[in-house]
Amino acid sequence: MKIIRTGSAAWSGGVKDGKGAISTESGALQAYPYGFSSRFEGQPGSNPEELVGAAHAACFTMALSLVLGEAGLRADQMDTSAKVTLEQVEGGYAITASHLTLRARIPGADQQTFEKLAAGAKAGCPVSKLLNAEITLDAALVD
């Protein structure tokens, strides 16, 4: 099976004074603004790194749901965030890391099994495989 999904971006102007808009095939984002100031200066608007973070968190959490099911477990709740690091390196900028933080309520899961399954999901999710960056995970079961 081969699935193709589309995201798109439009841009006009120079790198610092220009303006861009990000859209997704599903319509979840429709001409959502982004630019230099939202990417590098903390101004309102989106940026590629937060989109990668959302994709990584979603992919990992769904992958963990799969491996939990294979182990006979089912999550009541899983909340994941991904902090994506963009930094200047030799030759420009690079995404160098993605740190996943997961808090999960999984009845019947012990810490050792949970950590093993979460590590497997981290390594196996397609977005983790895409990123050429350090991927770390802080996973905790909660009551």
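**View 1. Asp138, at a relative accessible area of 31%, is partly exposed.** That label covers the range between buried, which is under 20% relative accessible area, and exposed, which is over 50%, as found with a 1.4 Å probe and protein chains only. Before going further: this is a predicted model, where local features need pLDDT of at least 70 and side-chain atom pairs count only at pLDDT 80 or more, while totals for chains, interfaces and linings use all residues. Residue numbers start from 1 along each chain as its sequence is written, and side-chain values use heavy atoms, with hydrogens and water left out. The partner to look for here is Arg103, partly exposed at 31% relative accessibility. Asp138 and Arg103 join their side chains in a salt bridge, with 2.9 Å from N to O. Asp138 sits in strand S6 (residues 134–141) and Arg103 in strand S5 (residues 92–105), so this pair ties together parts that are 35 residues apart in sequence. To count as a salt bridge, a side-chain nitrogen of Lys or Arg has to be within 4 Å of a carboxyl oxygen of Asp or Glu. Helices (H or I, at least four residues) and strands (E, at least two) are DSSP runs, numbered from the N terminus.

**View 2. Glu49 and Arg39 link up through a salt bridge, at 2.5 Å from N to O.** Glu49 belongs to helix H2 and Arg39 to helix H1, so the pair ties together parts that are 10 residues apart in sequence. Is Glu49 buried or exposed? With 7% relative accessibility, Glu49 counts as buried, whereas Arg39 has 35% and counts as partly exposed. Searching the whole structure turns up 2 salt bridges. As a general point, oppositely charged side chains can pair when their charged atoms come close.

**View 3. Phe36 and Phe40 form a tilted aromatic pair.** Their ring centres are 4.8 Å apart, with 40° between the planes. For the bookkeeping, rings of Phe, Tyr and Trp (its six-membered ring) pair if their centres lie within 6.5 Å; planes under 30 degrees apart are stacked, over 60 are edge-to-face, and the rest are tilted. You'll find both Phe36 and Phe40 in helix H1, 4 residues apart, which is about one turn of the helix. Phe36 counts as buried at 19% relative accessibility, while Phe40 is partly exposed at 35%. Add Tyr93, and you have one aromatic cluster of Phe36, Phe40 and Tyr93. The whole structure holds 3 aromatic pairs.

**View 4. Ser46 sits in the loop between helix H1 (36–40) and helix H2 (48–70).** Loop or not, Ser46 counts as buried, at 2% relative accessibility. Which residues does Ser46 touch, leaving out those up to four places away in sequence? They are Ile22, Tyr32, Pro33, Tyr34, Gly35, Ser38 and Leu51. A contact here means heavy atoms within 4.5 Å.

**View 5. Gly53 is placed in helix H2.** Gly53 counts as buried at 5% relative accessibility. Apart from residues up to four places away in sequence, Gly53 touches Ala82 and Val84. For a sense of scale, look to Leu68, 15 residues from Gly53 along the chain: the two C-alpha atoms are separated by 22 Å.

**View 6. Ala31 has a positive phi, near 50°, in a residue other than glycine.** Its place is the loop between strand S2 (19–24) and strand S3 (32–34). Ala31 counts as partly exposed, with 48% relative accessibility.

**View 7. Zoomed back out, the protein has 4 helices and 6 strands.** Along the sequence they run in the pattern β-β-β-α-α-β-β-α-α-β. Taken along the principal axes, a box of roughly 55 × 35 × 30 Å holds the C-alpha atoms. Of the 143 residues, 31% are buried. Among contacts with a separation of 6 or more, 51% come from residues 24 or more positions apart. On the charge side, there are 12 positive and 15 negative side chains, and the centres of the two sets lie 5 Å apart. Lys and Arg count as positive and Asp and Glu as negative, with His and the chain ends not counted; each charge is placed at NZ of Lys, CZ of Arg, CG of Asp or CD of Glu.
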